Amino acid sequence: MLYRNDGGRFTEVGVLAGVAYSDDGKSLSSMGAAVGDYDNDGLVDIHVTNYQWETDNLYRNLGGLFFTDETYESGVGMASITYLAWGTIFVDYDRDGDRDLFVTAGHHDDNVEEFDTVTYAMQNRLFANDGRGHYRDVTAVAGPGLALVQVSRGAVTGDYDNDGDPDLAVLNSNQPAVLLRNEWNNPNHWLGLRLAGAGPPCSNRAGIGAHVEVAAGDLVQVGEVRSGDSYMSQSDLRLFFGLGGRDEVVRVVIRWPAGALQELASVEVDQILTVHEPCNGGD
């Protein structure tokens, strides 16, 4: 279901928008959802994890609240059929300027091996975005943290060591949680933004709901501060943008939840910048 905000009242438009079913018209057993602009066209897309023997689905935003199912075209379809997937995150793990995908998996029946060809514990997966909207499974070369076979559920991303690399944390069922530190050392630049709202009567202090556009040379990315995503999880409220080899951010435009439009010019890269909401009347 997709609920369109009609000025404080919501209308369910999932079928009209093209996200209610799979490309062949089937209902799916969905678990988690990620929202992000994976093809850098300024429109947020949706990735949904589903049950085993179903594909995880990627819906590309065409604008006007219309989506097209790019599950197989993007490369995430066939790679997901044998997994019961839960958490999903758009995350630029290599900071090259396009959003990759991290997906957790694990069955809910601990005896599934007795009546099916899949396993209870499953391997989580990392998909690299080639910059043209196509994903490649890079789990096998992503280090020992991705070699673990567990019964995973929730997943979040956040730069816990403040080095500009997005790290991952995974919550498992009846197993210890896992913290995956990103050691993907490369020269790619990045920018982190912590948005500080002014509080009533202006925006909330966490900046939740703020929309951000970051322009660096030929690369323009959008992001939004959200309080929940993946599967029953919440990631770092700071926004991180990979920039590849671009060494300057020409423009940052922030639309705050209360309506203020703020623009920053010539922002230095490789830093976590705190931006305070301009607000007359806030404290």
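Contact here means heavy atoms within 4.5 Å. By that criterion, and leaving aside neighbours within four places in sequence, V35 is in contact with V44, D45, F90 and R226. The model is predicted. V35 lies in strand β3. Its relative accessibility is 35%. Buried means under 20% and exposed over 50%, so V35 counts as partly exposed. One of its partners, F90, is 55 residues away along the chain. The C-alpha atoms of V35 and F90 are nevertheless separated by 7.2 Å.

The chain as a whole is built from strands and a single helix. There are 22 strands and one helix. The radius of gyration is 19 Å, close to the 19 Å that the globule rule gives for 283 residues, so the chain is as compact as a globular protein of that length. Along the principal axes, the C-alpha atoms fill a box of roughly 65 × 45 × 35 Å. Of the 283 residues, 47% count as buried. Among contacts with a separation of 6 or more, 54% come from residues 24 or more positions apart.

The surface and the charges were examined next. The chain exposes about 13400 Å². Carbon and sulfur atoms supply 51% of that area. There are 43 negative side chains and 18 positive ones. The centres of the two sets lie 5 Å apart.

Two separate nonpolar cores are described here. The largest has 18 residues. Those with the most contacts inside this core are L193, L195, V212, V249 and V252. At least two residues of the core come from each of β16 (189-196), β17 (211-216), β19 (239-244) and β20 (249-255). The second core has 13 residues, including V91, V138, L146 and L168.

V249 illustrates the packing around the largest core. Neighbours within four places in sequence are again left aside. V249 then touches L191, V214, A215, A216, L243, S266, V267 and V269.

T104 offers a buried example. This residue is placed in strand β8, residues 100-105. Its relative accessibility is 0%, and T104 counts as buried. Beyond its neighbours within four places in sequence, T104 is in contact with L84, A85, W86 and G87. The list of partners continues with N124, S152, R153, G154, A155 and V170. The C-alpha atoms of T104 and R125 are separated by 6.5 Å, with their positions 21 residues apart along the chain.

Backbone geometry in the loops supplies several local features. A cis peptide bond joins P200 and P201, with omega about 10°. P201 lies in the loop between β16 and β17. Both of these strands contribute to the largest core.

Positive phi values occur at N40 and D270. For N40, phi is about 55°, although the residue is not a glycine. N40 lies in the loop between β3 (30-36) and β4 (45-50). With 23% relative accessibility, N40 counts as partly exposed. For D270, phi is near 60°, and this residue is also other than glycine. The loop between β21 (261-267) and β22 (271-276) holds D270. The relative accessible area of D270 is 36%, and the residue is partly exposed.

Conventions. Residues are numbered from 1 along each chain as its sequence is written. This is a predicted model: local features need pLDDT of at least 70, side-chain atom pairs count only at pLDDT 80 or more; totals for chains, interfaces and linings use all residues. Side-chain values use heavy atoms; hydrogens and water are left out. Helices (H or I, at least four residues) and strands (E, at least two) are DSSP runs, numbered from the N terminus. The radius of gyration is taken over C-alpha atoms; the globule rule is 2.2 Å times the number of residues to the power 0.38. Buried means under 20% relative accessible area, exposed over 50%, partly exposed in between (1.4 Å probe, protein chains only). Accessible areas come from the Shrake-Rupley method with a 1.4 Å probe; for residues, only the protein chains shown count as cover. Lys and Arg count as positive and Asp and Glu as negative; His and the chain ends are not counted. The place of a charge is taken as NZ of Lys, CZ of Arg, CG of Asp or CD of Glu. A nonpolar core is a set of buried Ala, Val, Leu, Ile, Met, Phe, Trp, Tyr and Cys residues joined through side-chain atoms within 4.5 Å.
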